[in-house]
Structure formats: C-alpha cells, structure tokens
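Me: I have just opened this entry and would like to be taken through it. Could we begin with a single residue and then move on to the helices?

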Amino acid sequence: MNAEKRYQIFSRLAAANPEPKTELEYQTPFELLIAVVLSAQSTDKAVNICTRELYKVANTPEAIYALGQAQLEVFINRLGLYRSKAKHIIEACKILVEKYDSIVPANREMLEALPGVGRKTANVILNTIFRQPVMAVDTHIFRLANRTKLAPGKTVREVEDRLVRLIPKDFLIDAHHWLILHGRYVCIARKPKCESCLIEDLCEYPAKPGK
Ligand code: SF4
C-alpha cells in the first residue's frame, strides 16, 4: 500500500471519529491498567461490568492489595482466566505500592516488570495515558493491518513495528483506537462489512465479499 492511501485511510477514520477513545471505562491511569490486564481474552463490556463494582470498593493499588486475591476473584469471576488475572493484579499492586509510590509509571520496562503486563498492555498505557506514539496490536488490529495491506506481517511485533513506521505521524497517537474500533465493528473477523466500510476503495483485501 502506498503512502497516499495510508494517509487517506487515517484522514477518513479521523474525520468520522475525531476523538476516539477506548471502550474500557476508567477514571485514573491505575484503573485503566487494571482494566487492560483484565481484558485479555475478555470483552471490554464484560470487563466494564466487573470494574464498575470493583472500583466502588477498591480503585488504588493499596486498596486492591488489601482486598486480597480471594476477594478480588469474586469481582472478576465472570472473566476468563480470572484466577491468574487476580493473582497477577495482587502481585502488581504490591510492586506499585512498594516500588513505584503507587503511581503507574510512564516507562515501558517498569510497566512490563509488573505481573500480567506484557508489551501490548504496556503499549495501551503508554499510548492512552501518556500519549506516546506507540501501537498496541491486538487481534483486531493484526487482522485489519493484514487484510487491508496497511502493514502486513506474520507476527504481532512485525505488524506493530510496521504500523509505527508507516502510519502518518499526525495520526499515530490516535491510530490504535481508530483501528481497533474499525476492526471490532466493521472489518470483523468472520464477514467484514465491506459494503458499509468507509475505506473500501482504499483497502487492498483481495477477498472482499461480493468481489
Ligand atoms: S473493505 Fe472490507 S476488508 Fe477492507 S477494511 Fe473495509 S471491511 Fe475490512
């Protein structure tokens, strides 16, 4: 895909949604961090149902650590992998309290040192909270980057690096949200909605339905 098409794609996504946001509900960087950890293999909707109740009771590293793993599990047991997520979150809260003054760090190495926080989660926090030009590639963005030929790659890291390099700089900060929403609601896995896609004429997917 050429640079002009890439620019057009993001111009249209930006015009359609000038202030894109994550669908995870949060009020503080810590709340977003926990929500993102919980979102692995779970929908944002299911995570929001859990965190709405959890954050009424505990929404700081101290408070969740004090809650303990067993109590935390009660709040999140509708989510997949909830036991390991609870264990990781309690361990991460302990580190945040003891080493980081209970502040979510704006630093990749420090974020990735927290249990349950991998590169993708760190990228979401660095991008959404600290507005850094990084790209968290989830299953939707991976599929979209490959289908459209925006940034094809065999691995998540390959797609991430290509997107960061190829997305026009003016659009990079918000690109994660535009792509994730487009992948979640339009360029869906089973049957992409090409007929109502606002970048249909720019997309290079060879197997568009009806083509
Ligand atoms: S045209 Fe179809 S395949 Fe291409 S981005 Fe839109 S929905 Fe996805």
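**From a loop residue to the helices**

Reply: S39 is buried, its relative accessible area being 17%, and the model it belongs to is a predicted one.

Me: Where does S39 lie?

Reply: S39 is found in the loop between α2 and α3.

Me: And which residues does S39 touch?

Reply: Not counting residues up to four places away in sequence, S39 touches L24, D44, V47 and K85.

Me: Let us turn to the interior. Which residues touch the most other members of the largest nonpolar core?

Reply: That core has 36 residues, and those touching the most other members are I64, L72, I89, L111 and L114. Two or more residues each are given to this core by α2 (29–38), α3 (44–57), α5 (69–76), α6 (82–99) and α8 (119–128).

Me: Which element gives the largest share of this core?

Reply: The largest share comes from α2, with eight residues.

Me: What is L111 in contact with, leaving aside its neighbours within four places in sequence?

Reply: L111 is in contact with V104, P105, V117, A122, I125 and L126, once those neighbours within four places in sequence are left aside. Apart from the largest core lies another core, of 26 residues, among them I9, A145, A175 and W178.

Me: Now the helices. At what angle do α2 and α8 pack?

Reply: The angle is about 150°, and the axes of α2 and α8 are 10 Å apart. That angle makes α2 roughly antiparallel to α8. The crossing of these two helices, α2 and α8, is right-handed.

Me: Which residues meet there, in α2 and in α8?

Reply: From α2 there are L32, L33, V36 and V37, and they meet T121, V124, I125 and T128 of α8. By class, the residues of the contact of α2 with α8 are six nonpolar, two polar and no charged.

Me: T121 caught my eye. Is T121 buried or exposed?

Reply: T121 has a relative accessible area of 8%, so it counts as buried. Not counting residues up to four places away in sequence, T121 touches L33, V36, V37 and G116. T121 and A35 are 86 residues apart in sequence, while their C-alpha atoms are 9.8 Å apart in space.

Me: How does α8 pack with α11?

Reply: α8 and helix α11 (residues 169–185) pack at an angle of about 125°, and their axes are 10 Å apart. The two helices, α8 and α11, are therefore oblique to each other. In passing α11, α8 makes a left-handed crossing.

Me: Which residues make that contact of α8 and α11?

Reply: V124, N127 and T128 of α8 make it with L172, I173, H176 and H177 of α11. The contact of α8 with α11 has three nonpolar, four polar and no charged residues.

Me: One last topic, F10. In which helix is the place of F10?

Reply: F10 is in helix α1 (residues 3–16). With 0% relative accessibility, F10 counts as buried.

Me: What does F10 touch, not counting residues up to four places away in sequence?

Reply: F10 touches L150, I167, P168, F171, A175, W178 and L179, with residues up to four places away in sequence not counted. F10 and F171 are 161 residues apart in sequence, yet 6.7 Å apart in space, C-alpha to C-alpha.

Conventions:
Residues are numbered from 1 along each chain as its sequence is written. This is a predicted model: local features need pLDDT of at least 70, side-chain atom pairs count only at pLDDT 80 or more; totals for chains, interfaces and linings use all residues. Side-chain values use heavy atoms; hydrogens and water are left out. A nonpolar core is a set of buried Ala, Val, Leu, Ile, Met, Phe, Trp, Tyr and Cys residues joined through side-chain atoms within 4.5 Å. Buried means under 20% relative accessible area, exposed over 50%, partly exposed in between (1.4 Å probe, protein chains only). Helices (H or I, at least four residues) and strands (E, at least two) are DSSP runs, numbered from the N terminus. Contact means heavy atoms within 4.5 Å. Axes are lines fitted to C-alpha atoms, for helices over the stretch in contact, and angles run from 0 to 180 degrees between N-to-C directions. Angles under 35 degrees count as roughly parallel, over 145 as roughly antiparallel, 65 to 115 as roughly perpendicular and the rest as oblique. A crossing is left-handed if the near helix is turned anticlockwise from the far one by less than a right angle, and right-handed if clockwise. Ala, Val, Leu, Ile, Met, Phe, Trp, Tyr, Cys and Pro count as nonpolar, Asp, Glu, Lys and Arg as charged, and the others, Gly among them, as polar.
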